[in-house]
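Colleague: Got a minute to go through this one with me? I'd like to start with how the chains meet and work inwards from there.

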Amino acid sequence: MMILLAIVGGLGGSVLLGRAAVQFVIAPPSEEKTPFSERWGLSIVLGIGLTGWLSFLWSWSNGRLGFAFSAGLAGFGWLAGLWAIWQSSRQPVQSSSLAVDPHRSNSPTAGPRLVKACQWLIAILVLLAFAQSMLTPQRFWDERAIFAIKAKVLFEDSSINSSALLNPEFVQYHPQYPLMLPLIEQHLYSLMGHAEDRWAKLWFPLLYAGLVLSFSGVCSRRLGAAWGWTCGLLLATVPILMPDEYGFLCAQADAAVACFHGIAVLYLWDGMSCPSPKFRLRKALLAGFVASCAAFTKDEGTAFLIIDVLSWTAAMALATLMRAVSRRKSPGESSESHFAMLRSGVFRVLLFTSLAGTMLLPWFAHRRRLPEVTEMHYVGRMSLSALYDRLSTLRWSLPHLASRMFGEWKEWGLQWWIGLAAIVTRPKRAIEQPQLFLILNLFGALAALLVAGMLAPAELEEHLGGSTHRFLMQIVPVVMLLVAALWAEPTGDFESVGKRPDSTTRRIPREHGTRV
Amino acid sequence: MLFRKNRTIEQAVAVCLAAAWCISVCLSLAVWLIPVDVIKVRAFDQAPEESFAQFEAVGKAEAIWWMLRVSSAGATLFLAYTWRRRIAAAGFMSGLIEDVFNLLRRKTSSGKSLKSLAGIVAWVRGTSIVAMLGLACIHQIHGMSKRASDWPYYRLNNGDEILPNISDSNRAVIRYLRTATPEQSRILVVSDQKLFFLSYYLLPRHLLHHMHPDAEHLIPRKNQERQLAAYRLSDLPATLFREQGPDYVLEYFEGPEYVESERATEDADWLRFIRNWQRDPTYVPTYTVVLRRWTEPAQ
């Protein structure tokens, strides 16, 4: 009974903490319509991210982790979240949140029954994820050797400055790996009063729910309810995410990174076609926070952060160049000058990078104190000569990657084939800035994997062969977002997906319109 | 005309729901009335004549039976509720079918020349959705089957008790150290093994290991197929012992390059433990385990 109370208190406290953040910081109801699903999906993801970050910052500033802190955090989360829900219920626009979910009546794909069916199926999948996750204790290499071991030490020593974690001889794998997962796991252990790794796995199906709900919410807001929820269902059914045992059913970091990175890219993409400059900034900040969560979960997250910035900048530059070359405005484009758009874009890139960087500074400062045993040191190994010397590795890694993406579809899913089909069938839409950003982001991630294979001190076939499928899992939400954006049907108000609505769209009163 | 069409759909849905409900009631009755033990005995009889296979078959049958019990009860309740609201359900179903066709079929396009292209895109999109959902169904069934196969090993036991997914030798060493050392002790290990799982399951004991740099990025293979480089006790500098202040020192080697057969019986406590564990009073382990209390040598 006490365990149940601790679990409900801990998980509920985190989700409600996220709910408060969504209500008061990210999307105040008076300013922007946010679908119910997006609101709660984001609450889950932000809540978990905040739990990890706040625990870290508290301990970093020499606070003691443990029952008092975890109970305080959970209690604060409950109070703030319930207050946010009460505030939300007083807002007439948001009170019927499902009704507000934009069923774009002018869209030929709008179908409330289809939406309902997708919602039911997603609910069943989430329940199955929780049930299946709970059927096994933690049992894989990474989840125990890297994350669970640190979580237990944090629980026992109540500090990130634990002598064990700072000791190079203490047996743990990758001592410098980020602490998001160990910290959220110890949060539950502290509330339960003992460490039992099966319960710590509950965070992962919760992240699965958060990812799918946020994805469905944003897609339904942007692309129409029926198509948005269909895409949410497709994402939820990608086998590598669920029910593959290395996905959201286990406590490894790959699925968690897929969630955080996917949502960061989702909001960057969303912000690129958002009409209001204020919302665009807010989405960049939100994406920055979630991207920092990805970097605080696994080192790949830092690579993804860099790739986000590079692909965003490149997409912006290419789009500006294409506009300048064509010298004509697209039908849906606003009257802003190219220069002003570029300036605003650069400002958002800087804002995104600054927020994520600022969030990560304390972590990187702490990380310098941690032992370096078994670390791969990719950055330290990177040099032009090293890359040149190891070019021959591509002879093995490129076919291997292609085989994992396209050849082994029966095992990991059809998402790569479908992504390719979407690009081939909608090439014009694929080169619009938001979709170009997604494509460049995917290419950047794949290139990063190949470079990692070139630089890693481990045996190439063993290193990449045992991890490619898990790395590819981390970018599945981005592929599915690309599919969603490319295959969405053009509707009256959005001539093309991702382009900004014209001024007439913006004049439609929000209370009656269904568009953002 | 429209009224007649709606009436037909309503009747069809009502018939389908009634049939599904009858099937689920029968299934529920069957799975709840037949005791799990009957199914376990049947699975045992049908399994190959091998204790491991029988253990797996019995556990899997038990898991599948419980899955059937829960899902059939849920389905019966859901179908009963839906049948009570069959008129609304019929409306919902016909609307859903229409929505799905709207989603899958070709969409209108302004230009004639675009019509065929739009048709191809819609066809590819529809086929992709159907293929993805079909593959997902197969994976969900496979996933549930996999969980049922896992059930005999894990059940609802804590990982600390069953020590899952590690070698038998690792498991024996963990259990031995748990009995032979107090909880807060610091154990310095010299070993040719990766000790992460030992470290995890032995917490709050702290396991200390000076890893050989050549073994740092190597992944071990089953049955000691890959020999990892390791330091022996005599290789370690005295400063390491002073810095780490261990309470115990453990020598644990499994690879042929490091195992010394004459040391297999050196630690009497270990020998007693492993013989008791194996239920064989003459058993001699094939790997070296020697645990000693560490006292700093006099200056």
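Colleague: How many residues does each chain bring to the contact?

Modeller: Bear in mind that this is a predicted model. The model scores pTM 0.92 and ipTM 0.93. As for the contact, chain A puts in 47 residues, and the number from chain B is 47.

Colleague: Which helix supplies the largest share of the side of chain A that touches chain B?

Modeller: Several helices of chain A each give at least two residues to that side: H6 (112-134), H7 (141-157), H10 (197-200), H12 (225-236) and H21 (415-425). By class, the residues on that side of chain A are 24 nonpolar, 11 polar and 12 charged. The largest share is 7 residues, and the helix behind it is H7(A).

Colleague: Staying in chain A, are H15(A) and H16(A) roughly parallel or antiparallel to each other?

Modeller: H15 (residues 299-326) and H16 (residues 338-367) of chain A have axes 11 Å apart, at an angle of about 180°. Angles over 145 degrees count as roughly antiparallel. The two helices H15(A) and H16(A) are therefore roughly antiparallel.

Colleague: And what classes of residue make the contact of H15(A) with H16(A)?

Modeller: On H15(A), the residues involved include A:Leu305, A:Val309, A:Trp312, A:Met316 and A:Arg323. H16(A) contributes A:His338, A:Leu342, A:Gly345, A:Val349, A:Thr353 and A:Ala356. Sorted by class, that contact has 8 nonpolar, 5 polar and 1 charged residues.

Colleague: Over to chain B: which strands stand at the edges of the sheet?

Modeller: The sheet is open, with 4 strands in the order E2-E1-E3-E4 and mixed pairing. From one strand to the next, the twist averages 25°. An edge strand has a single partner, so one side of it is left without a neighbour in the sheet; in chain B that applies to E2 (206-209) and E4 (288-293).

Colleague: Which residue of E4(B) does B:Tyr248 stand opposite?

Modeller: Strand E3 of chain B covers residues 248-253 and pairs with E4(B) in the antiparallel sense, over 6 bridges. B:Tyr248 stands opposite B:Arg293.

Colleague: Last one: where in chain B is the pLDDT below 50?

Modeller: Chain B averages a pLDDT of 90, and 94% of its residues score at least 70. One stretch falls below 50, and beyond near neighbours in sequence it has 3 contacts in the model. That stretch of chain B is residues 109-113.

Definitions and conventions:
Residues are numbered from 1 along each chain as its sequence is written. Chains are lettered from A and ligands numbered from 1 in the order in which they are written. This is a predicted model: local features need pLDDT of at least 70, side-chain atom pairs count only at pLDDT 80 or more; totals for chains, interfaces and linings use all residues. Axes are lines fitted to C-alpha atoms, for helices over the stretch in contact, and angles run from 0 to 180 degrees between N-to-C directions. Angles under 35 degrees count as roughly parallel, over 145 as roughly antiparallel, 65 to 115 as roughly perpendicular and the rest as oblique. Two residues are in contact if their C-beta atoms, placed from the backbone, lie within 7 Å. Ala, Val, Leu, Ile, Met, Phe, Trp, Tyr, Cys and Pro count as nonpolar, Asp, Glu, Lys and Arg as charged, and the others, Gly among them, as polar. Two strands pair if DSSP finds at least two bridges between them. pLDDT is the predictor's confidence in each residue, from 0 to 100.
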